[in-house]
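Reader: I should like to learn how to read packing features from a set of coordinates. Could we work through an example together?

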Amino acid sequence: GGGGEVMAQLEALRSLGGSDAAKLRSGLYCLLRDSAVAPLRTYALRDAWLASLSKELPAHPLYKPDWPLRHRAIDLRVHDLPHASSMIEWWYFHAHLAAADGTPYCAFAALFRVRVGGDLLCHAHASLLCRGETHAYYSCGEPHAAAAVLRHRQPRRTDYFERAMHEAMAKGALPLPDATAARRFTVRTDAFGIEADRLS
């Protein structure tokens with residue numbers, strides 16, 4: 001069928017000389033070619049698409065340069081660290097523990113980092129579960145978080161939940177039960193390390 005013919009043409013491109021860019025242009029022509037459309041029209045559409053793609057890829061690359069390539073080993077010494085291109089990342093620790101008297105505990109701690117407009121905001125969360133019954137919970141955001149959200153996000157009129165969040169943040173604090181830390185958090189970029197309110 002037509003699909004097999006296109007694949008054969010694309011496979012043949014691998015044996016041609018020339019640059020990768022030239023092979024890409026030829027391959028796209030093979031994919032876009034329609035016998036009912038004049039070749040010059042196909043060339044024009046292909047070149048317009050490539051021009052648009054060349055503008056988009058630097059801002060929205062298919063593979064972010066600071067992220068690991070797919071199907072390759074991940075170096076945790078590099079990728080446990082924050083990635084500058086990420087809109088959101090988080091690090092967490094989860095453990096099942098037992099006290100000297102055998103009392104079981106489940107501990108969880110996490111730090112979230114999200115980009116809101118031009119600001120990076122961190123939020124810490126920790127919880128402790130004792131015997132599967134008693135639960136202690138703590139969640140805390142940075143002191144500039146409320147102002148950053150108000151500055152960069154405008155809720156839709158029909159989004160009542162986010163409008164309520166904005167109303168609470170307009171008072172200078174995060175909505176309860178979240179606490180507001182006294183100082184900003186730190187996520188190191190040279191070695192794995194986190195400093196956050198009650199979570200370091």
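**Aromatic pairs, a helix face and a buried histidine**

Author: This is a predicted model. The structure holds 2 aromatic pairs.

Reader: How is the pair formed by W90 and F112 arranged?

Author: Two ring centres within 6.5 Å make a pair, and planes neither under 30 degrees nor over 60 degrees apart count as tilted. W90 and F112 form a tilted pair, with 6.2 Å from centre to centre and 40 degrees between the planes. Because W90 belongs to strand 1 (residues 88-98) and F112 to strand 2, the pair ties together parts that are 22 residues apart in sequence.

Reader: How exposed are W90 and F112?

Author: W90 counts as partly exposed, at 47% relative accessibility. F112 is likewise partly exposed, at 35%.

Reader: Which residues of helix 5 are buried, and why do they line one face?

Author: An α-helix has 3.6 residues a turn, so residues three or four places apart point the same way. In helix 5 (residues 145-152), the buried residues are A145, A146, A148 and V149. Viewed down the axis of helix 5, they fall within an arc of 165 degrees, and therefore line one face.

Reader: Against which elements do the buried residues of helix 5 pack?

Author: They pack against strand 2 (104-116), strand 3 (119-130) and helix 6 (160-169).

Reader: Where is H144, and is H144 buried or exposed?

Author: H144 sits in the loop between strand 4 (134-141) and helix 5. Since buried means under 20% relative accessible area, H144, at 12%, is buried. The side chain of H144 reaches the backbone oxygen of L120 at 3.4 Å. Leaving aside residues up to four places away in sequence, H144 touches L120, L121 and R184.

Definitions and conventions
Residues numbered from 1 in each chain as written. Predicted model: local features only at pLDDT ≥ 70, side-chain atom pairs only at ≥ 80, totals over all residues. Heavy atoms only, no water. Buried < 20%, exposed > 50% of the residue type's maximum accessible area, 1.4 Å probe, protein only. Helix = DSSP H or I, 4+ residues; strand = E, 2+ residues; numbered from the N terminus. Arc of directions from axis to C-beta. Contact = heavy atoms within 4.5 Å. Phe/Tyr/Trp six-rings, centres within 6.5 Å; stacked < 30°, edge-to-face > 60°. Polar contact = N/O pair within 3.5 Å; in protein donor to acceptor, adjacent residues only side chain to side chain.
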